[in-house]
Amino acid sequence: MQPEPYRIKAIEPLVLTTRAQREAALREAGWNTFLLRSQDVYIDFLTDSGTSAMSSVQWAEMMRAAETLSYSAAYHRFVETIQEVYGFPYVLPTHQGRAAEHVLSQVLIRPGQYVANNMYFTTTREHQERAGGIFVDVIIDEAHDPAAHHPFKGNMDPEKLRDLIRRVGPEQVAYVCLELNVNMAGGQPVSLENVRTVAQLCREFGIPLIFDATRAAENAYFIKAREPGMQDRAIPDIFRELMSYADGITVSAKKDLLVNIGGFLAVRDAALYRRMEQFALRFEGHPADGGLARRDLVAMAQGAREMLDVNYLRSRIEQVAYLAAALRKAGVPIVEPPGGHAVFIDARRFLPHLPQDQFPAQRLAGEIYLAAGVRAMERGIVSAGRDPETGQHKYPRLELVRLTIPRRVYTQRHLDVAAEGILDVFARREQIGGLRMVFEPPVLRFFTARFEPMA
């Protein structure tokens, strides 16, 4: 693991609480790590969304930005940068990624239409189904096997996609949603070859191809590192070709773009942009700000340039690989190969004695917090939710705990502490019981559901 390509010039104090304090905090949070108070967390691996450390240049740009209304200089700088880096002519800022998903879904989906996805992401699927769409997973089978060593487990299966189109008709497919660095599969990338194939298939049938490009820079790095013939290409070059195959993108800027808030939509079609613009005006504020301060726009613009630095990307992805190697060496079952933003523990194999409806991943996330003050999150049956037709739990094949590493925030020693705590839990895994859910919200239940240990 190479040293970080930056130095630290500002610090935030951390406090390691006692086990007794953590037990009280977890009870109060109903065994849901999302409901823990941040001041009770020592190392926070809950999410990489909005948790990056911004650069000195980003902070300077924010201080210089004038908070003027409407089409400000900050807006024009943001749009021009996104046009240059991503290659889309029409750009609509939003306050975060799920807002972009909402606007896109409401504009593109007619009730009863299908949306093909390479696995689901929680908010993406929620917005597609809220708009009346029918979600269909067409990811390759290897993505559902945490032990499979496939270099591009985020790939769509072209035959599954073609079968869907033939079965329902191209006019009944609202769009194809291709996520880059698929979160729920373990941060798994999509190959450039697969993107080309999917794009060609979409063009053949006249179906829009939309990327969830939230972690596209990390995906571009994996293409350079893993795909034959790509090693000598520059990251910005790979990135621009990747983007060239999409008709539009949704982006949560809180990941790749290294900011604490923000997102955007970008498309090639002027008429589609106008429809999105008018819809967003009712929910997201003015189309020139997306509900954001102007300083947030310039922070995103600067982050869009910093995210493509190969040294930064190498360091970021090597941090994930370092933690994965420490766990793998001790026999902890993880999703292989390690992805771009997180290490995912396979809770099925970690706690094989617990049935899925006793929420093994949720329990494991709580146990990791109790052991070391490290906050992780569940990505399994709780996140999957319930079938809207039957009301029964959806039972995903993957039952995972996500250890999400914020960008430019933690040191190697923090990763060591996290690994040590997880190994402590692993040593006593056979004594760990299940959970029962005592409060369940109707949607996106992983955010606010509450649990208690079973007797």
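Here is a short chat about the sheet and the cores of this predicted model.

Trainee: What should I know before reading the numbers?
Mentor: This is a predicted model, where local features need pLDDT of at least 70, side-chain atom pairs count only at pLDDT 80 or more, and totals for chains, interfaces and linings use all residues. Side-chain values use heavy atoms, leaving out hydrogens and water, and residues are numbered from 1 along each chain as its sequence is written.

Trainee: In what order do the strands of the open sheet sit?
Mentor: Strands here are DSSP runs of E, at least two residues, numbered from the N terminus, and two of them pair if DSSP finds at least two bridges between them. The sheet has 7 strands with mixed pairing, in the order 2-8-7-6-5-3-4.

Trainee: Which strands are at the edges?
Mentor: Look for strands that pair on one side only. Those are strand 2 (90–94) and strand 4 (134–137).

Trainee: Which residue in strand 8 is the bridge partner of Thr94?
Mentor: Strand 2 runs antiparallel to strand 8 (residues 263–267), and 5 bridges join them. For Thr94, the partner in strand 8 is Gly263.

Trainee: How many residues does helix 3 give to the largest nonpolar core?
Mentor: A nonpolar core is a set of buried (under 20% relative accessible area, 1.4 Å probe, protein chains only) Ala, Val, Leu, Ile, Met, Phe, Trp, Tyr and Cys residues joined through side-chain atoms within 4.5 Å. The largest one has 90 residues, and Tyr86, Phe211 and Leu257 are among those touching the most other members. Helices are DSSP runs of H or I, at least four residues. Helix 3 gives this core its largest share, 7 residues.

How values were computed
Buried < 20%, exposed > 50% of the residue type's maximum accessible area, 1.4 Å probe, protein only.
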